[in-house]
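Work through the exercises below with the sequence and the model open. Each task is followed by a solution in steps.

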Amino acid sequence: MSGVSRRALPGFGLGLGYTITYLTLLVLIPLAACLVKAASLGPSEFVAAAWTPRAVAAYKLTFGVSFAAAAVNIVLGLIVAWTLVRYEFPGKRLVDALVDVPLALPTAVAGLVYASLYVPNGWIGQFLTPLGIEAAYSRLGIVLVLVFTGFPFVVRTVQPVLEDLDAETEEAASVLGASRWQTFLRVILPTLIPPALTGFALAFARGLGEYGSVIFITSNKIFETEIAPMLIMVRLEEYSYAEAAAIATVLLGISFVLLAAINYLEYRSKRNVG
Amino acid sequence: MSAESALASGQPTPAAVFQAAPLRRATRDPWYVRWTLIGLTLGIVGLLIGVPLASVFAQATAKGLGVYWNNLIANSDTRHAIFLTMIVAPVAVALNVVFGVAAAWSIARFRFRGRGLLITLIDLPFSVSPVVAGLMFVLIFGMQTELGLWLRDHGYQVIFAPPALVLATAFVTFPFVARELIPVLEAVGPDEELAARSLGASGWQLFWWITVPNIKWGLLYGVILCNARAMGEFGAVYVVSGRIEGQTDTMPLRVQKLWEGSDNPAAFALASVLTMLALVTLLLKVLIEPKVRADTEPAGKNADGE
């Protein structure tokens with residue numbers, strides 16, 4: 001649909017004016033304030049604040065656990081999306097609805113309940129502790145809650161693509177002599193990769209910024225289980241505002257690169273489907 | 001479609017039946033694959049989501065319903081947290097509704113320079129870490145800034161007070177309503193509004209009598225998602241609140257404080273309220289989704305050869 005003439009319908013000036021004013025006040029000025037504060041440090045001080053060994057360890061950990069959780073979610077998401085689209089089983093609608101729970105459940109609740117489940121005497125921890133697996137208050141715990149918070153993304157990006165997939169292509173592959181497994185690997189899987197990557201990037205981005213669920217399940221050990229948002233909190237509590245802003249700027253930079261990547265992936269997967 | 005072809009497609013010829021059988025097998029998986037994947041799916045969703053949900057309610061009511069109720073009602077700080085969330089979230093949602101409608105109207109109905117950039121900027125808050133979002137407001141309104149001091153001297157406390165909670169919450173939920181409304185408004189199209197205009201309707205008449213009824217399901221959908229996130233927001237609110245007991249603790253912050261104080265039954269009692277809120281949100285979402293989809297995929301789409 002193309003837009004209408006500005007004379008045909010009223011409200012263009014009011015609507016756009018309000019939109020831009022609100023966007024500027026609530027989003028752009030605060031973002032600028034953060035960048036200005038970080039810039040007030042000067043290049044060498046900025047590096048000294050944002051690139052300390054402790055900060056680098058925090059970035060690495062944040063990056064690593066988010067990546068691991070998002071990678072796990074590719075596998076889980078493909079299995080769940082495939083099952084929900086292709087098979088019929090009792091309780092399917094309930095399972096489909098439950099997939100969205102991580103998007104609606106407050107992250108604090110997720111952190112609280114995961115921490116309590118995976119402590120050594122928790123519902124699940126009691127089975128893991130004898131195996132020598134320490135899930136609560138460890139990096140594994142952080143990955144676990146991030147798998148939870150990022151779970152819906154791959155499922156929800158792959159599902160519609162799988163639904164739109166023509167049965168004819170699979171039939172053609174079969175008629176031409178491909179086995180079911182070959183058909184999956186060579187015909188179906190390639191079309192699922194772009195949406196799965198989009199879901200991965202969304203889950204990854206979500207993991208990088210996550211705070212509420214993580215602080216319940218991490219032991220907050222410097223260099224070991226301290227994620228970048230926690231370090232920002234520490235600097236704030238020390239009243240080191242510029243240092244906090246410097247670390248925040250690094251995080252913002254990573255987020256914006258990811259946002260651009262997500263937009264590109266979405267554009268590509270749309271082109272493939274359409 | 002002619003009557004003949006309708007008849008033909010309704011009654012398959014023997015040849016078509018013969019062909020359909022092997023092709024059907026070609027798109028189906030063997031039973032062991034099917035049952036393995038269904039089992040895995042139930043296991044994944046059960047372990048990841050089902051068990052934690054059950055555990056919230058089990059731990060909240062572990063010492064009986066009386067204690068559960070007492071945990072929610074008897075503590076004045078917990079009561080205040082519930083009250084504060086019921087104030088902060090609706091105000092933030094209302095701000096974003098006004099913005100969402102204005103943004104959707106200008107973006108869906110008109111073409112202008114920078115439109116693509118504007119759409120990207122609206123999504124921006126989704127990619128900002130909540131802690132960074134909170135930090136930004138501390139950097140503007142904190143007591144280390146001239147603005148913060150000036151506001152305090154004139155009797156306005158922003159940071160460590162409800163106004164900052166509203167700002168931080170509005171920031172993290174900023175895109176929700178606009179994102180839902182833009183596609184709905186685009187799909188509905190401007191025809192009815194143009195007709196109303198040509199019949200002499202004023203701008204606000206047109207808005208209240210034509211536009212709002214057309215987008216009501218999309219608007220409601222956006223409000224529900226926005227509200228769920230607003231009530232559950234933790235990171236951004238954590239930073240700007242100062243976590244003053246009985247003053248700036250919202251429900252999720254209170255949950256964390258109770259957990260820190262090792263008062264698990266009370267933490268889980270409050271968490272169970274938030275969980276019920278999430279479940280109600282999902283139920284409403286499932287109910288409203290078909291109506292939103294009907295609005296964004298008007299009947300005319302199929303006739304156009306889609």
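**Exercise 1. Classify A:Ala104 as buried or exposed, and find its surroundings.**

Solution.
Step 1. Count the C-beta atoms around the residue: A:Ala104 has 22 C-beta neighbours inside 10 Å, and therefore counts as buried. The cut-off for buried is 20 or more. The coordinates used here belong to a predicted model.
Step 2. Place the residue in the chain. A:Ala104 belongs to helix H5 of chain A, which covers residues 101-104.
Step 3. List the contacts beyond four places in sequence. These are B:Ala228, B:Ala278, B:Thr281 and B:Leu282.
Step 4. Set sequence distance against spatial distance for one pair. A:Ala104 and A:Thr149 are separated by 45 residues in sequence, and their C-alpha atoms by 9.8 Å.

**Exercise 2. State how many residues each chain gives to the contact between chain A and chain B, and describe the side of chain A.**

Solution.
Step 1. Count by chain: 76 residues come from chain A and 73 residues from chain B.
Step 2. Find the main contributor on chain A. Helix H1 (residues 12-39) supplies 14 residues, the largest share of the side that touches chain B.
Step 3. Sort that side by class. It holds 58 nonpolar, twelve polar and six charged residues.
Step 4. Look up the predictor's scores for the complex: the ipTM is 0.91 and the pTM is 0.89.

**Exercise 3. Describe the secondary structure, burial and contacts of each chain.**

Solution.
Step 1. Chain A has 13 helices and zero strands. Its C-alpha trace spans about 75 × 70 × 35 Å along the principal axes.
Step 2. Chain B has 16 helices, again with zero strands.
Step 3. For burial, 46% of the 274 residues in chain A are buried. In chain B, 43% of the 306 residues count as buried.
Step 4. Take the contacts between residues at least 6 apart in sequence. In chain A, 78% of them join residues at least 24 apart. For chain B, residues 24 or more positions apart account for 77%.

**Exercise 4. Identify the residues with the most contacts inside the largest nonpolar core, and follow two of them outward.**

Solution.
Step 1. The core has 170 residues, and those with the most contacts inside it are A:Ile232, B:Val132, B:Leu135, B:Ala168 and B:Ala271.
Step 2. Helix H5 of chain B (residues 76-109) gives the most to this core, 15 residues.
Step 3. Check the domains of chain B: at least three residues come from each of domain 1 (3-54) and domain 2 (64-303).
Step 4. Follow B:Ala271. Beyond four places in sequence, its contacts are A:Val109, A:Leu112 and A:Val113 in chain A, with B:Val56, B:Ala60 and B:Val255 in chain B.
Step 5. Follow A:Ile232, one of the buried residues of helix H12 of chain A. This helix (residues 228-237) is mostly covered, with eight of its ten residues buried. The others that are buried are A:Ala228, A:Pro229, A:Met230, A:Leu231, A:Met233, A:Arg235 and A:Leu236. After the helix comes A:Tyr239, which has a positive phi near 60 degrees.

**Exercise 5. Locate B:Phe160 and B:Arg243 in chain B, and explain why each is classed as partly exposed.**

Solution.
Step 1. B:Phe160 sits in the loop between helix H8 (146-153) and helix H9 (162-172). Its phi is positive, near 60 degrees, though the residue is not glycine.
Step 2. B:Phe160 is partly exposed because 19 other C-beta atoms lie within 10 Å.
Step 3. B:Arg243 sits in the loop between helix H13 (235-241) and helix H14 (251-260). This residue, not a glycine, has a positive phi of about 45 degrees.
Step 4. B:Arg243 is partly exposed because 17 other C-beta atoms lie within 10 Å.

**Exercise 6. Find where the pLDDT of chain B is below 50.**

Solution.
Step 1. Begin with the average: chain B has a mean pLDDT of 88, and 88% of the residues score at least 70.
Step 2. Residues 1-18 of chain B have a pLDDT below 50, and this stretch has two contacts beyond near neighbours in sequence.
Step 3. Residues 300-306 of chain B are also below 50, with one such contact.
Step 4. Where pLDDT is low, predicted coordinates should not be read in detail.

How values were computed: Residues numbered from 1 in each chain as written. Chains lettered and ligands numbered in written order. Predicted model: local features only at pLDDT ≥ 70, side-chain atom pairs only at ≥ 80, totals over all residues. Contact = placed C-beta atoms within 7 Å. Helix = DSSP H or I, 4+ residues; strand = E, 2+ residues; numbered from the N terminus. Nonpolar A, V, L, I, M, F, W, Y, C, P; charged D, E, K, R; others polar. Buried ≥ 20, exposed ≤ 12 C-beta atoms within 10 Å, placed from the backbone. Core = buried A, V, L, I, M, F, W, Y, C linked by C-beta atoms within 7 Å. Domains from an automatic or database assignment. pLDDT = per-residue confidence, 0-100.
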